[in-house]
Amino acid sequence: MTSQTASRAVVIYSGGMDSYTVLHRALREGHEVHALSFHYGQRHARELDVASEVCQSLGVAHQVVDIRAIHGLIGASALTDATQQMPRADYAEDNMKATVVPNRNMILLSLAIGHAVNLEAEICYYGAHGGDHAIYPDCRPEFVERMNDVAAIANYTPVEIRAPYLHASKDDILAEGLQMGLDYANSWTCYLGEALACGECGSCRERLQAFASQGLVDPLPYHMQSSRTREV
């Protein structure tokens, strides 16, 4: 690769807290960032609008890839099937297994790696974090390690999968983002994707807990404003 293209990086950018922080980290590391968001039929597709607004404000190249055609293959999840009840409990394995979308991250990473090869980018970032390990098999360190092995040999040009928060908690990610001066009003977390965050689903609870750990109030609006400061 030439020096001009060596700093290119693809960032899988959902619009959530973790990928919002990863996006800015990649920018601060000096990469020419190409953000990819995926519409796979998630109920919280509002996050894609947030992602588009952020990338537009930053002048970052951004594509929203519509892969809803595969919904019938991997749709057996509360995250994609509105007929299933969304867990309204803490972000833990027993509560959140219903939100697992089969093989989601392998699919998204495969597409992102292909895009990286097409762009002559050497790195593909994604926002798996330590709190996901018990719930989502495709966010665990061993998954990232094996995918990295495959990404090194699947094409003529190897791509590195970089998950900078793989062993970090949501609290750690938020703390680092705040040090960067990030405004988390520009992210979306709630799994229901309504006009206001519910404050009750596991994803909202984990987010609220992270802000509470920093002694801060979450800037997102919630259905019940008291949920922004309540203990979860």
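**Exercise 1. Get a feel for the whole fold.**
Task: What share of the contacts in the protein between residues at least 6 apart in sequence joins residues at least 24 apart?

Solution. Among contacts between residues at least 6 apart in sequence, 71% join residues at least 24 apart. Contact here means heavy atoms within 4.5 Å. Before going on, please keep in mind that this is a predicted model, in which local features need pLDDT of at least 70 and side-chain atom pairs count only at pLDDT 80 or more, while totals for chains, interfaces and linings use all residues. Residues are numbered from 1 along each chain as its sequence is written, and side-chain values use heavy atoms, with hydrogens and water left out.

Next, list the elements. The protein has eight helices and five strands; helices (H or I, at least four residues) and strands (E, at least two) are DSSP runs, numbered from the N terminus. Their order from the N terminus is β-α-β-α-β-α-α-α-β-α-β-α-α. Finally, of the 232 residues in the protein, 49% are buried. Buried means under 20% relative accessible area, exposed over 50%, and partly exposed in between (1.4 Å probe, protein chains only).

**Exercise 2. Check helix α1.**
Task: How many of the 12 residues of α1 are buried, and what covers them?

Solution. Start with the length. Helix α1 covers residues 17-28, and its 12 residues should span 16 Å at 1.5 Å a residue; the end C-alpha atoms are 17 Å apart, which agrees. The expected span is 1.5 Å times one less than the number of residues.

Now count the buried positions. Nine of the 12 residues are buried, so α1 is largely enclosed by the rest of the structure. They are Met17, Asp18, Ser19, Tyr20, Thr21, Val22, Leu23, His24 and Ala26. Their cover includes β1 (8-12), β2 (32-39), α2 (46-58), β4 (123-125), α7 (170-179) and α8 (202-213). Just after α1 comes Gly30, with a positive phi of about 90 degrees.

**Exercise 3. Follow the strands.**
Task: Which strands does β2 pair with, and how many bridges join them?

Solution. Take β1 to begin with: β1 and β2 run parallel and are joined by five bridges. Two strands pair if DSSP finds at least two bridges between them. Within this pairing, Ala9 stands opposite Val33 of β2. Together, β1, α1 and β2 form a right-handed β-α-β unit. Right-handed means that, with the strands pointing away from the viewer, the path from the first strand over the helix to the second runs clockwise.

Then move to β3 (residues 61-66), which runs parallel to β2 and is joined to it by six bridges. Here Ser37 has Val64 of β3 as its bridge partner. The chain gets from β2 to β3 through α2, in a β-α-β crossover that is right-handed. As for β2 itself, seven of its eight residues are buried.

**Exercise 4. Find the two sides of α2.**
Task: Which residues of α2 are buried, and which exposed residues lie on the face turned away from them?

Solution. The buried ones are Glu47, Leu48, Val50, Ala51, Val54 and Cys55. Seen down the axis of α2, they fall within an arc of 160 degrees, so they line one face of the helix. The arc is that of the directions from the helix axis to the C-beta atoms. An α-helix has 3.6 residues a turn, so residues three or four places apart point the same way.

On the face turned away from the buried side are the exposed residues Glu53, Gln56 and Ser57. Cover for the buried residues includes α1, β2 and β3. After α2 comes Gly59, whose phi is positive, near 70 degrees.

**Exercise 5. Look at some single residues.**
Task: Where does Cys190 lie, and which residues does Cys190 touch?

Solution. Cys190 lies in the loop between α7 and α8 and is buried, with a relative accessible area of 0%. Not counting residues up to four places away in sequence, Cys190 touches His44, Ala197, Cys198, Cys201 and Cys204. Now turn to the record: an unreviewed UniProt entry gives the annotation "binding site" for Cys190, Cys198, Cys201 and Cys204. UniProt positions are given in the numbering used here, feature names are shortened, and annotations may be inferred rather than shown by experiment.

Last, try His115 in helix α5. His115 is buried at 17% relative accessible area, and touches Val10, His34, Leu36 and Gln63, not counting residues up to four places away in sequence.
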